[in-house]
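This report describes a single protein chain for a reader at the bench. The sequence and structure are shown first.

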Amino acid sequence: MAKGEWLLITDGGCLNNGYEDAVGAWAFYLSGPKNFARSSLLTQVNGLHVTNNKAEFIAAISGLSLVPEGDSVELLTDSMILVNWINRFNKGSWNNKSSMDKSLLLELKDLVVARIVKPTWVNGHSGHPGNEWCDRQCSELLSPYDYLNEKSDSIAVKNSTAFSA
């Protein structure tokens with residue numbers, strides 16, 4: 001990739017999605033002039049319970065924060081909600097009336113408008129190597145919390161295949 005061009009692949013997941021005891025995880029792989037890969041476990045976001053969407057947004061925020069302002073980045077995600085929000089920010093048309101976490105939306109908006117971000121939706125769990133790698137990172141972080149599976153059907157991550165860049 002040429003200088004100033006990046007590829008960001010993100011994923012997020014949550015066990016017991018939306019409940020007080022929910023546990024989430026996020027991961028990203030960033031490729032460009034430098035390469036980065038990170039993942040983390042979430043038990044709260046801004047003092048509130050974790051959701052799958054919050055984990056997806058935090059993955060994007062964490063990756064985009066490493067891309068210099070003004071650079072181009074293609075963001076691959078299996079979250080259509082994330083794609084739609086980035087498209088709204090790119091068009092300058094959004095409102096504050098969403099039920100999404102306002103601070104996450106504002107942080108994402110600031111990162112998007114300072115860069116050239118092209119969101120691309122990929123079908124999750126369909127074999128895309130980068131998406132599968134991010135998904136596996138989330139699954140591994142969440143595996144100690146599998147007991148939450150017994151409480152809820154809202155599991156947002158599955159085991160997946162390896163990704164090598």
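The sections below treat the whole chain, two of its helices, and selected loop residues.

## Overall architecture

The model is predicted. The chain contains four helices and five strands. Read from the N terminus, its elements follow the order β-β-β-α-β-α-α-β-α.

Of the 165 residues in the chain, 49% are buried. The accessible surface amounts to about 8,100 Å², and carbon and sulfur atoms account for 48% of that area. When contacts between residues at least 6 apart in sequence are considered, 70% of them join residues at least 24 apart.

## Confidence of the model

The average pLDDT of the chain is 85, and 84% of the residues score at least 70. Over residues 152-165, however, pLDDT stays under 50. For that segment the model has 39 contacts beyond four places in sequence.

## Helix α1

Helix α1 covers residues 52-64. Its 13 residues reach 19 Å from the first C-alpha to the last, close to the 18 Å expected at 1.5 Å a residue.

Because 12 of the 13 residues of α1 are buried, this helix is largely enclosed by the rest of the structure. The buried set includes the charged-type names Lys54 and Glu56 as well as Phe57, Ile58, Ile61 and Leu64. Asn52, Ala55, Ala59, Ala60, Ser62 and Gly63 of α1 are buried too.

## Helix α3

Helix α3 comprises 12 residues, 102-113. At 1.5 Å a residue it should span 16 Å, and its end C-alpha atoms lie 16 Å apart, so the expected and modelled values agree.

The buried residues of α3 are Leu104, Leu105, Leu108, Leu111 and Val112. These residues cover an arc of only 130° around the axis, which means that they lie on the same side of α3. In an α-helix there are 3.6 residues a turn, so residues three or four places apart point the same way. The cover over the buried residues of α3 includes α1, α2 (80-91) and β5 (116-121).

## The loop between β1 and β2

Asn16 is located in the loop between β1 (5-15) and β2 (23-31). With a relative accessible area of 2%, Asn16 is buried, since the limit for that class is under 20%. The phi of Asn16 is near 60°, a positive value in a residue other than glycine. Most residues other than glycine have a negative phi.

Asp21 also belongs to the loop between β1 and β2. Asp21 is partly exposed, its relative accessible area being 30%. The side chains of Asn16 and Asp21 make a polar contact at 2.4 Å. Asp21 can further be placed relative to Leu148: the two are 127 residues apart in sequence, yet 8.6 Å apart in space, C-alpha to C-alpha.

## The loop between β5 and α4

His125 is found in the loop between β5 and α4 (129-142). His125 has a positive phi of about 60° although it is not a glycine. At 35% relative accessibility, His125 counts as partly exposed.

How values were computed
Residues numbered from 1 in each chain as written. Predicted model: local features only at pLDDT ≥ 70, side-chain atom pairs only at ≥ 80, totals over all residues. Heavy atoms only, no water. Helix = DSSP H or I, 4+ residues; strand = E, 2+ residues; numbered from the N terminus. Buried < 20%, exposed > 50% of the residue type's maximum accessible area, 1.4 Å probe, protein only. Polar contact = N/O pair within 3.5 Å; in protein donor to acceptor, adjacent residues only side chain to side chain. Contact = heavy atoms within 4.5 Å. Areas by Shrake-Rupley, 256 points an atom, 1.4 Å probe, with all protein chains shown as cover. pLDDT = per-residue confidence, 0-100. Expected span 1.5 Å × (residues − 1). Arc of directions from axis to C-beta.
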